[in-house]
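Visitor: I have a structure open and no idea where to begin. Can we go through it together?
Guide: Sure. Put it up and we'll start with one residue.

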Amino acid sequence: LPLTAEDRARAADYQANTERSAMLTRAGSYEDYLTSLAMELSIAPFDALGRARISQLVNRSNQFNLTTRRYNDQDVERIERSDRHIGWQVRLKDRFADNGMISVIVVERQGASWLIDSWLMSCRVLQRGVEGAVLNSLVERARAEGAQWLIGDYLPTPKNGLVAGHYQSLGFEPMEAIAGPPGTGDGRRATRWRLPVEGYEPKPVRMTIRFDNPATGGRPQSA
């Protein structure tokens, strides 16, 4: 049932793209267009209801997927119950449609550094500022728990070149090249990036951010 509902939402969103395109042509600027969409991003921890869709996204997302790690339902449940991990399911809706679950984030707490184990997103919502909104929320959570660094890995595959510059574009600084999983690369080196939590300037976003569970930290906010 959850997957059926997500499939319906995805189909409705494709239809809504026609209305979004018409609004974009009338907007004075791209920023005005994003504001006029009246987007609402909701972030919630992994739970039993979302587990099947989370697993589906993790195993089917290839282009916007920084590490392409694959987790089944049991793995997702393990992350959900782990005190060491943070698992976020992210949904987006706007004035035209409910996009459903469009992003999954998995973070492992490693003392003062938090390692972003997985960051993936549906390409349907590119160029709407979701990446910046998610990072703002993640930094806020890390700061609240006393973490000093966010660490992100990019493990290249033949399909995820789209996100090769993801961390750099968000202000992360390069660390060292790392070993990627065998058999998945295409000759490019895997890289590691870090972002200091202290002094972070939130990315400008044009959406309301809502946390569906107080345990995720932070407060509802909008640009």
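Guide: Start at T68. Its relative accessible area is 18%. Buried means under 20%, so T68 counts as buried. Keep in mind that this is a predicted model.

Visitor: Where is T68 in the chain?
Guide: T68 sits in the loop between helix 3 and helix 4, and helix 4 covers 73–81.

Visitor: What is odd about the phi of T68?
Guide: The phi is positive, about 55°, and T68 is not a glycine. Most residues other than glycine have a negative phi.

Visitor: Which other residue has a positive phi without being a glycine?
Guide: A38 is one, with a phi of about 50°. A38 is in the loop between helix 2 and strand 1, the strand at 39–45.

Visitor: Back to helix 3. Is that helix mostly covered or mostly open?
Guide: Mostly covered. Helix 3 runs over residues 51–60, and seven of its 10 residues are buried.

Visitor: Which ones are buried?
Guide: In helix 3 they are R51, R53, I54, S55, Q56, L57 and V58.

Visitor: Let me zoom out. How many helices and strands does the protein have?
Guide: Six helices and nine strands. The protein has 223 residues, and 47% of them count as buried.

Visitor: How much of the contact is between residues far apart in sequence?
Guide: Take the contacts with a separation of 6 or more. Residues 24 or more positions apart account for 69% of those.

Visitor: Now the inside. Which residues touch the most other members of the largest nonpolar core?
Guide: L41, W119, V130, L135, L150 and F172 do, in a core of 43 residues. Helix 5 gives the most to this core, seven residues. There is also a second, separate core of 11 residues, including F46, I54, V58 and I79.

Visitor: Is there a general pattern behind cores?
Guide: Yes. In soluble globular proteins, nonpolar side chains tend to be buried together.

Visitor: What is L41 in contact with?
Guide: Leave aside its neighbours within four places in sequence. L41 then contacts, among others, V90, L92, I102, V130, A133, V134, M207 and I209. Its contacts also include R91, T208 and R210.

Visitor: New topic, pockets. How much space lies in the largest one?
Guide: About 380 Å³. Its lining has 20 residues, and the closest to the centre are Q127, G129, E131, G132 and L170.

Visitor: Which elements give two or more residues to that lining?
Guide: Helix 2 (30–36), helix 5 (130–144) and helix 6 (166–169). Helix 2 gives the largest share, three residues.

Visitor: How do the lining residues divide by type?
Guide: Nine are nonpolar, six polar and five charged.

Visitor: What about R128, buried or exposed?
Guide: Buried. R128 has 5% relative accessibility, so it falls under the 20% cut-off. R128 is in the loop between strand 4 (113–121) and helix 5.

Visitor: What does its side chain reach?
Guide: The side chain of R128 reaches the backbone oxygen of R124, at 3.4 Å.

Visitor: Last one. Is P158 buried or exposed?
Guide: Exposed. P158 has a relative accessible area of 64%, and exposed means over 50%. P158 lies in the loop between strand 5 (149–154) and helix 6.

Visitor: How far apart are P158 and N62?
Guide: In sequence, P158 and N62 are 96 residues apart. In space, they are 9.2 Å apart, C-alpha to C-alpha.

Key. Residues numbered from 1 in each chain as written. Predicted model: local features only at pLDDT ≥ 70, side-chain atom pairs only at ≥ 80, totals over all residues. Heavy atoms only, no water. 1 Å grid on protein atoms, 1.4 Å probe; cavity = no way out; pocket = protein on both sides within 12 Å on 5 of 7 lines; lining within 4 Å. Points joined across faces, edges and corners; volume = space filled by probe spheres on them. Helix = DSSP H or I, 4+ residues; strand = E, 2+ residues; numbered from the N terminus. Nonpolar A, V, L, I, M, F, W, Y, C, P; charged D, E, K, R; others polar. Buried < 20%, exposed > 50% of the residue type's maximum accessible area, 1.4 Å probe, protein only. Core = buried A, V, L, I, M, F, W, Y, C linked by side-chain atoms within 4.5 Å. Contact = heavy atoms within 4.5 Å. Polar contact = N/O pair within 3.5 Å; in protein donor to acceptor, adjacent residues only side chain to side chain.
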